[in-house]
Amino acid sequence: MYKYDNYDQQMVDTRVEEFRDQVRRRLSGELSEEQFRPLRLQNGLYLQLHAYMLRVAVPYGTLSSAQMRLLGDIADKYDRGYGHFTTRQNIQYNWIKLEETPDLLADLAAVEMHAIQTSGNCIRNISSDQYAGAAADEIIDPRPYAELLRQWSSFHPEFLTLPRKFKIAVIASETDRAAMRLHDIGIKMVRNDAGEIGAQFYVGGGMGRTPMIGPMIREFVPLDQLITYSEACLRVYNRYGRRDNKYKARIKILVHELGKEEYTRQVEEEFQHLLSQGIEPPIAELERIKTYFVDPAYDASASDELDLSDPDFRLWVERNTEAHKQAGYVIATVSLKPVGGIPGDASADQIRLMADLARDYSFDELRVTHAQNIVFPHVRKADLYKVWQALNAAELGTPNLDTIGDIIACPGLDYCSLANARSIPVAQKISERFAAKQEEIGEMKLKISGCINACGHHHAGHIGILGVDRKGKENYQLLLGGSEGADTSLGQITGPGFDEDGIVNAVEKATEVYLDKREDGERFLDTYRRIGMAPFKEALYG
Amino acid sequence: MSDVQFRFRADEPVSDPAVTVDAFADQTNATAVRVEPGDDARELLPHLDRLRLIEVNFPAFTDGRGYSSARLLREAGFDGEIRAVGEVTVDMLSHMRRCGFDAFAPEQPLNPADAEAAFDRWADVYQATVDGRQPIWAKRHPA
């Protein structure tokens, strides 16, 4: 994975000093809260219901074990002993004190980490495929391109006061494991007819109040124009994105209102102009970054055999591991969704255990997934059993990847000042209700958001739940049929909402319809797409 | 109208009142114009040789359109004064400088020590812009 050179290190160190000075000026009263707010947001610091929340960046979801270990230590030193992994591959701490934040950021900088631009109206953490560099189906590792874009977007002087937040995802496979089409800019690395690698740009996707699937704006951007093209997309947005209404300020609204053709025309015009400005790094820079993303030193003699005689181990292997491109290895997902637990949360001890296991058994590397789990990307099959045993002993061995127990949920009203409803108790109840039926139901992506901002990605859930405030009471809407893959679709609302117990019963009714009606090999999503909403509506509302 | 508090030019400041972009087209003897966030700064491109001063207004520091306006004016070759006016804060200064601003007339005067620290904060930069600073990628790969 990428390692900082002196320049990168100096940039994060400078940022810490800048923020330390901004905190000083805030605490002395020189800066009002209104003036300070955008500054602290661009260092990931939110003022939430109970305390400050800090969102630490995990660039394209990749971490070393030393970094993971420090994240565990931070949970102990600055927080209440746990952290929360998010749907954008970052980690959040909920109980931070403002005056301790500069020191916290300095601790992060010492292991090449930061909280730069994880909030605010700027370009946020660039996300990617959690199986990058290990998956058999990628055409190339997408992360070097994400790293090039990370540096380009960090402290970009023209784009720090955009109309609204800006989220970019980069993938390099047909299977979209990063919800790429639901980003402000989604980039898919592709190969053209001449065999050259280039970037396919999708602009104007997003969730929130007005979910939209990003249209393709450019089929192929050559690698030596990647920054220039991105800059053109952003400049058009900075100049013409709406600033009159916070809920209409994302680029998806601009693309929708101009139309894809007109937005594309403006981008291409700006791009032609920018080509003359010398803003593109040389290809040598991309090549330099790529040297950090070569394959690890695989054991070429690693056995492809796996003893599955332990039935619990077997279940976990079947559920939570994925074929690796290298014989003798697997990609292993650590579920942060224990039955009845809070999705995405991990204690400091659990975080440090995962760090140690990654150091010893996964070439020192971990990934955070946008489904709020952790991945060990390169585990030798020969080591898998002891890894699982260690995970299991720490309540990290839940075999529920992509099943109904693998719930994605935002923090909700328990933590978040934007929320209308609690999401965590709903997640816990569903997790407990369906623990025994998980295998029978099979693949299920269930996602819960506690408000319309959709941080739980409910529009992209096979089953989605949206918590709203209805006349002062929590009310939960049920959506069916969303998907974030290459076949991206947005969930449809079933009808009137339910209270907290009602929504759990409603989910059960929906799964019963599926179990009753499914045909060979169909997932819930497939059955829904085949039979449509009517049978579900009938079961739910009679 | 606020005083220019910081200026990075050797020539004499222009004291002519800045006219609006709309009015500028008709006023052949105007040498100063003010660009509002909603203006298209490219409308000035045919007239840059007439201009000695372009003010770019930030009515709210959260409205970042002025950064693009300044930068694209420099990209078009304008080498007169580009002055930031309005809600100019200490923490915007280095970004504005990188986008081509060389004069600053904040509504509320800024603490000079804080401003100096802000201008000098970043020893290196990741992007190539109009300020002529060599970005990190160029330093990594000397031509």
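Here is a short chat about a predicted model, its domains, a helix and its nonpolar cores.

Visitor: What makes helix α2 of chain B mostly covered?

Guide: Ten of the eleven residues in this helix, 65-75, are buried. Buried takes 20 or more other C-beta atoms within 10 Å of a residue's own, so B:Tyr67, B:Leu72 and B:Leu73, which are among the buried ones, each pass that mark.

Visitor: And what do the buried residues of α2(B) pack against?

Guide: Partly another chain: α6 (226-240) of chain A is one partner, and β3, β4, β5 and α3 of chain B are the others. Just after α2(B), by the way, B:Gly77 has a positive phi of about 105 degrees.

Visitor: Why is the side of domain 2 of chain A that touches domain 3 of chain A counted as having no polar and no charged residues?

Guide: Domain 2 of chain A puts five residues into that contact, against seven from domain 3 of chain A. By class, the five on the domain 2 side are nonpolar, so each must be one of Ala, Val, Leu, Ile, Met, Phe, Trp, Tyr, Cys and Pro. The two domain centres are 31 Å apart over C-alpha atoms.

Visitor: How do you know that A:Ile503 belongs in the largest nonpolar core?

Guide: A:Ile503 is among the five residues there that touch the most other members, out of 101. Core members have to be buried and joined through C-beta atoms within 7 Å, so A:Ile503, as a member, is buried too. Its contacts include A:Val426, A:Tyr476 and A:Phe498.

Visitor: Which element gives this core its largest share?

Guide: That's α6(A), with eight residues. Another core, of 59 residues, lies apart from it and includes A:Val23 and A:Val387.

Key: Residues are numbered from 1 along each chain as its sequence is written. Chains are lettered from A and ligands numbered from 1 in the order in which they are written. This is a predicted model: local features need pLDDT of at least 70, side-chain atom pairs count only at pLDDT 80 or more; totals for chains, interfaces and linings use all residues. Domain bounds come from an automatic or database domain assignment. Two residues are in contact if their C-beta atoms, placed from the backbone, lie within 7 Å. A residue is buried if 20 or more other C-beta atoms lie within 10 Å of its own, exposed if 12 or fewer, and partly exposed in between; C-beta atoms are placed from the backbone. Helices (H or I, at least four residues) and strands (E, at least two) are DSSP runs, numbered from the N terminus. Lists of a residue's contacts leave out its neighbours within four places in sequence.
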